[in-house]
Amino acid sequence: MSDLSRPKLHAEYRELRDLLCAWDPIGVMDDPDWPRDEYDCLVAPVLRRLDAGESPESLAAFLETEVRAHFGAEPVTDAARTFAERAEAWYRQRRFGAGPAPSST
């Protein structure tokens, strides 16, 4: 990961977690009793890939594999690609102030 301060990294973690929960690739976040940490296992790998400059296509492929292998669900390809593009735009805005940050909804 980058050389950001601990508070900034924690803030990024929370923001990316919120984006992942909004994407909700396995469709559980509508249940108010479902743990909000369902997608925490994806946050650090996604941040590492964004730090490395991975393309949205590559990030989407990773996410599709993870959703299938880790969660046992069949991913929706277009949804993974849309999320990867949103995550990349969020990352650019967060790190470099490039363009508006996408909403999590």
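**Helix α2 and the aromatic pairs**

The buried residues of helix α2 pack against three helices: α1 (6-23), α3 (56-71) and α4 (77-96). This is a predicted model. Aromatic rings add further links, with three aromatic pairs counted in total.

**Helix α2**

- Helix α2 covers residues 40-51, 12 residues in all.
- At 1.5 Å a residue, α2 should span 16 Å; its end C-alpha atoms lie 17 Å apart, so the two values agree.
- The buried residues in α2 are L42, V43, P45, V46, L47 and L50.
- An α-helix has 3.6 residues a turn, so residues three or four places apart point the same way.
- G53 follows α2 and has a positive phi, near 80 degrees.

**Aromatic pairs**

- The count of aromatic pairs comes to three.
- One of them joins Y39 and F71: the ring centres are 5.6 Å apart and the planes meet at 65 degrees, over the 60 needed, so the pair is edge-to-face.
- This pair links distant parts of the chain, with Y39 in the loop between α1 and α2 and F71 in helix α3, 32 residues apart.
- Both Y39 and F71 are buried.
- Y91 and F96 also form an edge-to-face pair, at 6.1 Å centre to centre and 80 degrees between the planes.
- Y91 is buried, with a relative accessible area of 7%, whereas F96 is exposed, at 61%.

**A charge over a ring**

- R49 lies over the face of F62, at 3.6 Å from the ring centre.

Key: Residues numbered from 1 in each chain as written. Predicted model: local features only at pLDDT ≥ 70, side-chain atom pairs only at ≥ 80, totals over all residues. Heavy atoms only, no water. Helix = DSSP H or I, 4+ residues; strand = E, 2+ residues; numbered from the N terminus. Expected span 1.5 Å × (residues − 1). Buried < 20%, exposed > 50% of the residue type's maximum accessible area, 1.4 Å probe, protein only. Contact = heavy atoms within 4.5 Å. Phe/Tyr/Trp six-rings, centres within 6.5 Å; stacked < 30°, edge-to-face > 60°. Lys NZ or Arg CZ within 6 Å of the ring centre and 35° of its normal.
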